[in-house]
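I opened this one to see how the chain is divided and where the ligand sits. My notes follow in the order I looked things up.

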Amino acid sequence: MNIGIVCYPTFGGSGVVATELAKGLADRGHNLHILSYSRPARLDSFRTDITFHEVDLSSYPLFEYPPYDLALANLMVNLIHYEKLDVLHVHYAIPHATSAYLAKRILKDEASHVPVITTLHGTDITLIGSDPSYKQVVDFSINQSDGVTAVSEYLKKETYRHFDIKKDIKVIPNFIDLNRFKKSKKEHFKKAICPEGEKVVTHVSNFREVKRVPDVISAFSQVLQSGVKAKLLMVGDGPDRPRAEQKCRELGTCDHVRFLGKQEQVEEVLSISDLFMIPSGSETFGLAALEAMSCSVPVVSSNIGGLPEVNVHDETGYLCELGDVDCLGRRATAILKDEELHGRMAQAARKRAEMFSMDKIVSSYEDYYKEVKAGL
Ligand code: GMT
């Protein structure tokens, strides 16, 4: 099949999932076209079976805000027409599902056999999508898609709660490349960061407010107070990084905290990690937690959204109520202090990650494309 995949190019989860899906589908012999405003971070090597198409946003003095959704729709029209797309799969509803609707309307019969599949990822529903400025358009565009998937049961329920969706939403969870994300020996790296054999606590995110990064710093400070020798690795960057840095200055823990910025090879950092902390205020899945688990790293997370569908309490780690920093610190300390418990959870984490194997989930998408196409 010729498959068009539309996504945001950033390090954010939806862009990662879309790009990894494109690679997985190309590995199965499909021809992939990725549409975005710049080359996705995870599209890191040259492949003849994946073509990247940059959305061309011509600027004009009249446009304080260039109409990205129109330029994207125009590119979709061209790809359906010239590249003979069989499927158009958009990741993140805003504005991708709306542009896809417009492209199909422009092409009329010529595109009637091309299903538009919209995958909902999270903030397109829970934060931005339900904002009154976008709600009507998002509702309409999801209903106009030929197929709709959500990355967790939680997100499916939230979508029905926020919108008047007439369609069946299929849950296809996010996935992980188990060969890439596995614990590998990085002793030199660990020695450099932890010369005294300290334990490593890691957090990975885009440092937006919703990730509650200052909570990670506070909980880690409790770990240190309990007497555990540890280092905290903060991977990623974003608006709340200064707040997190300020927090460690206030708590006097900066000597034990390293802000590593954005990293391409997160699996290398996870390979030397003993614990992953994700205290988000909202998370429809928590791909970062799954990446850690796949590297045999137990997770301490908040008990919200789709996180309990990934991190199983008392098995792969612990869940704490939202904002309960004390619980995060206590649970992290318990895992780091008890080798037997740590070993058991690390093993269970990897085992749980295997349920989200790339192979299995890419097949689910492939089957879903065929099913929706057959129903057109
Ligand atoms: O988490 C973010 O801020 C980025 C966002 C995105 O759209 O890229 O992530 C969402 O999609 C990911 C992939 O499906 C999920 O793993 C994240 O949980 C979800 N984020 C939120 O719901 C806040």
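Before counting contacts I fixed the meaning: two residues are in contact if their C-beta atoms, placed from the backbone, lie within 7 Å. I also noted that this is a predicted model.

**Domains.** I checked the domain assignment and found domain 1 at 2–175 + 358–374, with domain 2 at 187–356. Taken over C-alpha atoms, the two centres are 31 Å apart.

**Where they touch.** Using that cut-off, I get 18 residues of domain 1 in contact with 13 residues of domain 2. On the domain 1 side, the elements giving two or more residues are helix H1 (13–27) and helix H6 (153–162). I sorted the residues of that side by class: nine are nonpolar, seven polar and two charged.

**Ligand.** Which residues come nearest to the ligand? I found Gly 12, Gly 13, Ser 14, Gly 122 and Phe 285, out of 20 residues around it. H1 gives the most to this shell, with four residues. So H1 turns up twice in my notes, in the ligand shell and on the side of domain 1 that touches domain 2, because I went through both lists. By class, the shell has twelve polar, six nonpolar and two charged residues. Why do I place the ligand between the domains? Domain 1 and domain 2 both give residues to the shell, so the ligand lies between them.

**Record.** I looked up UniProt too: an unreviewed entry puts the feature "domain: Glycosyl transferase family" at residues 185–352. In the model, that span is 45% helix and 17% strand, and its end C-alpha atoms lie 21 Å apart.

Key:
Residues numbered from 1 in each chain as written. Predicted model: local features only at pLDDT ≥ 70, side-chain atom pairs only at ≥ 80, totals over all residues. Domains from an automatic or database assignment. Nonpolar A, V, L, I, M, F, W, Y, C, P; charged D, E, K, R; others polar. Near = placed C-beta within 6 Å. UniProt positions renumbered as here; feature names shortened; annotations may be inferred.
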